[in-house]
Amino acid sequence: VKWSVDAAKKIADALGYVGVLCVEFFILQDGTLVANEMAPRPHNSGHYTIDACVTNQFEQQVRALCGLPLGEPRAHSASVMVNLLGDLWYDGDTYREPDWARLHAIPNLKLHLYGKHHARPGRKMGHFTVIGDSAEAVQKTALAARAAIGIKD
């Protein structure tokens, strides 16, 4: 993780950037780090910070833009975030609301629905974050939660 933070700092410094800057990285199979996308705002890849960090990315953006001291960005929990795409609202050609009760029954799972009026395949409709004490435990829980609501690989 430190290498990604260092790389993002170098990018922000080179741009003279002020505020929240999301730099999305991919790690290729050969270990090469590739910057895939930059967003000069809070970004969906960092929405896990709402539940897993001392200061989330939205609060940091407000602090930076208002000239306030930045909050501590430290994660207080291990976390896994799962995007909920509009495909989940469809069973073949049938439109149906997913059974959110299945997610609400899972301890340490935080569901965030964005209130969009229409689901369509590929559209990000929300996400959930699983938090806990270990990366292994939250990953296992997140994978089980995905399966519980019908997300297939």
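**View 1. Glu59, partly exposed, pairs up with Arg63.** Glu59 has a relative accessibility of 33%, so it counts as partly exposed (buried is under 20% relative accessible area, exposed over 50%, partly exposed in between, with a 1.4 Å probe and protein chains only). Its partner Arg63 is also partly exposed, at 23%. The two form a salt bridge, with 2.8 Å between the closest N and O atoms; the term asks for a side-chain nitrogen of Lys or Arg within 4 Å of a carboxyl oxygen of Asp or Glu. Why can they reach each other along the helix? They sit 4 residues apart in α3, so about one helical turn separates them. Helices (H or I, at least four residues) and strands (E, at least two) are DSSP runs, numbered from the N terminus.

What you're looking at is a predicted model, where local features need pLDDT of at least 70 and side-chain atom pairs count only at pLDDT 80 or more, while totals for chains, interfaces and linings use all residues. Residues are numbered from 1 along each chain as its sequence is written, and side-chain values use heavy atoms, with hydrogens and water left out.

**View 2. The salt bridges of Arg74 and Arg102.** A search of the whole structure turns up 3 salt bridges. In one of them, Arg74 meets Glu72 at 2.6 Å, N to O. Arg74 has a relative accessible area of 43% and Glu72 one of 41%, which makes Arg74 partly exposed and Glu72 partly exposed too. Swing over to Asp99 and you'll find it bridged to Arg102, with the closest N and O atoms 3.3 Å apart. Asp99 is partly exposed at 40%, as is Arg102 at 46%.

**View 3. Tyr90 and Tyr95, edge-to-face.** The whole structure holds 2 aromatic pairs (ring centres of Phe, Tyr or Trp, the last by its six-membered ring, within 6.5 Å; planes under 30 degrees apart are stacked, over 60 edge-to-face, the rest tilted). The pair shown here is Tyr90 with Tyr95: 5.3 Å centre to centre and 75° between the planes. Both rings belong to partly exposed residues, Tyr90 at 28% and Tyr95 at 45%.

**View 4. The largest pocket, about 1700 Å³.** A pocket here is an open set of points on a 1 Å grid over the protein atoms alone, where a 1.4 Å probe fits, with protein on both sides within 12 Å along at least five of seven lines; lining residues have an atom within 4 Å of a point. Its volume is the space filled by probe spheres set on the points, which are joined across faces, edges and corners. The lining takes in 37 residues, with Ser4, Val5, Leu21, Tyr48 and Thr49 nearest the centre. Helix α1 (2–15) gives the most, 7 residues, and β1 (22–27), α3 (57–65) and β3 (78–85) each chip in at least two. By class the lining has 22 nonpolar, 11 polar and 4 charged residues (Ala, Val, Leu, Ile, Met, Phe, Trp, Tyr, Cys and Pro are nonpolar; Asp, Glu, Lys and Arg charged; the others, Gly among them, polar).

**View 5. The second largest pocket, about 210 Å³.** Of its 13 lining residues, Asp87, Leu88, Gly150, Ile151 and Lys152 are closest to the centre. Strand β3 gives the most, with 4 residues, and β4 (90–91) supplies at least two. The lining splits into 6 nonpolar, 2 polar and 5 charged residues.
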